[in-house]
Amino acid sequence: MSGFQSPRGLRDLLEPLASAHGWATDRAWAAADAAGYARIELPIAEESALFERAVGGTSDIVSKELYRLEPRGDDAVTLALRPEATAGAVRAYIQHGMRSQPQPVRLATVAQLFRYDRPQKGRYRQFTQFDIEAIGDGGPGIDLEVIEMGAAYLRDLGLTDVQVHLNSVGCTTCRPAYGCTTCRPAYVETLRAHFTPVVQELSQVDQSRLATNPLRLLDSKEPATVKRAASAPAITDHLCADCAAHHAAVTTGLATIGVAVLPAPRLVRGLDYYTRTAWEYLLPGEQGQQGALGGGGRYDGLVELLGGTPTPGIGFAIGIDRVVLALEARGLLPIAASGPAIVVAGIEPESVAERVAIAAQLRAAGASARADVSTRKIGKQLEGAVRDGALAVIIVEPDGRLTLRDLVKASQAEPAERGGVIAAVLRLVQNEG
Ligand code: AMP
């Protein structure tokens, strides 16, 4: 036995999970296509400075979880495997001059991401997200569109009890162009004042969060912090007039379009770039993080932060791995791809090439078929076809004629010429399918 194992936190996806993963991915692309979101494929690595700038140096994703690659040759740039997709999408928006297109620019991708996280069920070091970005519109209407799309995607997969938890995290990068003044820094000071009296009771990690990024205390899992957070002031009571108006428009708009939301005044997201609208898609009753299917937010300062002209943006990321886990837990996994409908077997070893040719001809005609390429006895070949769940077997006889055996009816026809048997088997799988 080989001593090699897949690296910790990096999984092999076997059936039926591999098919479920592919199915959820196909549905993601289809949802994006249907809403007019242009597909974008981004590189799996970017300059690590892009993530440091975009996501923020104090975030866990950059300070602890980034996989940096050693620079090669003359290349002085340090690359990092992407831990999220938004920074790359915004980099592409700026690089390809998408500002000159009609705004907002709507983009969609399905991306493999890498985070050096502590692996557990639902948390892996390589995982996949369905990512939607709408860049170039600061109004609440696009928030409604994006939030509804994610909810509808999950609901249509069968996760009908998904909840949308909604908050506003105010603004930091405020400029008159967006009609707002800065409200988050003032709130962060209020929050710091709330936690400072109990600083000695907090863990080391949370003491340093209190110093560098107090907002993160609101999603701490440490008991002392959770206890104090329960009485923390809500950011929604501290929004500036424009952020409050935006939040009110999003809240009432979602009610109008029939997306039920739960107000979540302590919801903060792990990334620094979010402004205003922030939300999560949660499944009630799941353990730990497994119910957190995805989340999103507005990032009105990000394009400018990455060197572009000030441009608002909003997006969501839904974790495909967690979606598949939730479907599995509810018995909703789609049927895995089964074995081929037709197996082409043969009496004599010399007929192997002929079997492969017939299977190829059947596939070219749209059927699913494979040849039995072994030299084993016909009885064993038939057993293999039954085990694969095939509907029919074609047996190549020593004289080159073909025998059609219907495995569903357990009946067998007389040997006949190739053309007639192929037509008959195609009719058979059409009727059975
Ligand atoms: P985030 O980008 O951290 O806001 O995460 C958005 C979604 O991606 C989460 O709700 C999860 O569904 C998924 N996700 C994040 N991190 C992981 C991980 N380490 N393993 C699997 N899924 C993840």
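Me: In what order do the five strands of the open sheet stand?
Reply: This is a predicted model. Its open sheet has mixed pairing. Read across, the five strands come in the order S13-S12-S14-S15-S16.

Me: Which strands stand at the edges, each with a single partner strand?
Reply: An edge strand has one partner, so one side of it is left without a neighbour in the sheet. That applies to residues 369-371 and to residues 411-412. These are strands S13 and S16.

Me: Which residue stands opposite Ser 411?
Reply: Ser 411 belongs to S16. Strand S15, residues 402-406, is joined to S16 by two bridges, and the two run antiparallel. The residue opposite Ser 411 is Asp 406.

Me: At about what angle does helix H13 run to S12?
Reply: Helix H13 covers residues 378-387 and lies across S12, S13, S14 and S15. Angles are taken between N-to-C directions, from 0 to 180 degrees. For H13 and S12 the value is about 170°.

Me: Which strand gives the most to the shell around the ligand?
Reply: The ligand is surrounded by 14 residues. Strands S6, S10 and S11 each supply at least two residues of that shell. The one that gives the most, with three residues, is S10.

Me: How far is a polar backbone atom of Leu 293 from an oxygen atom of the ligand?
Reply: Leu 293 is among the closest residues to the ligand. Two N or O atoms within 3.5 Å count as a polar contact. For the Leu 293 backbone atom and the ligand oxygen, the distance is 2.9 Å.

Definitions and conventions. Residues numbered from 1 in each chain as written. Predicted model: local features only at pLDDT ≥ 70, side-chain atom pairs only at ≥ 80, totals over all residues. Heavy atoms only, no water. Near = heavy atom within 4 Å. Polar contact = N/O pair within 3.5 Å; in protein donor to acceptor, adjacent residues only side chain to side chain. Helix = DSSP H or I, 4+ residues; strand = E, 2+ residues; numbered from the N terminus. Pairing = 2+ DSSP bridges. Contact = heavy atoms within 4.5 Å.
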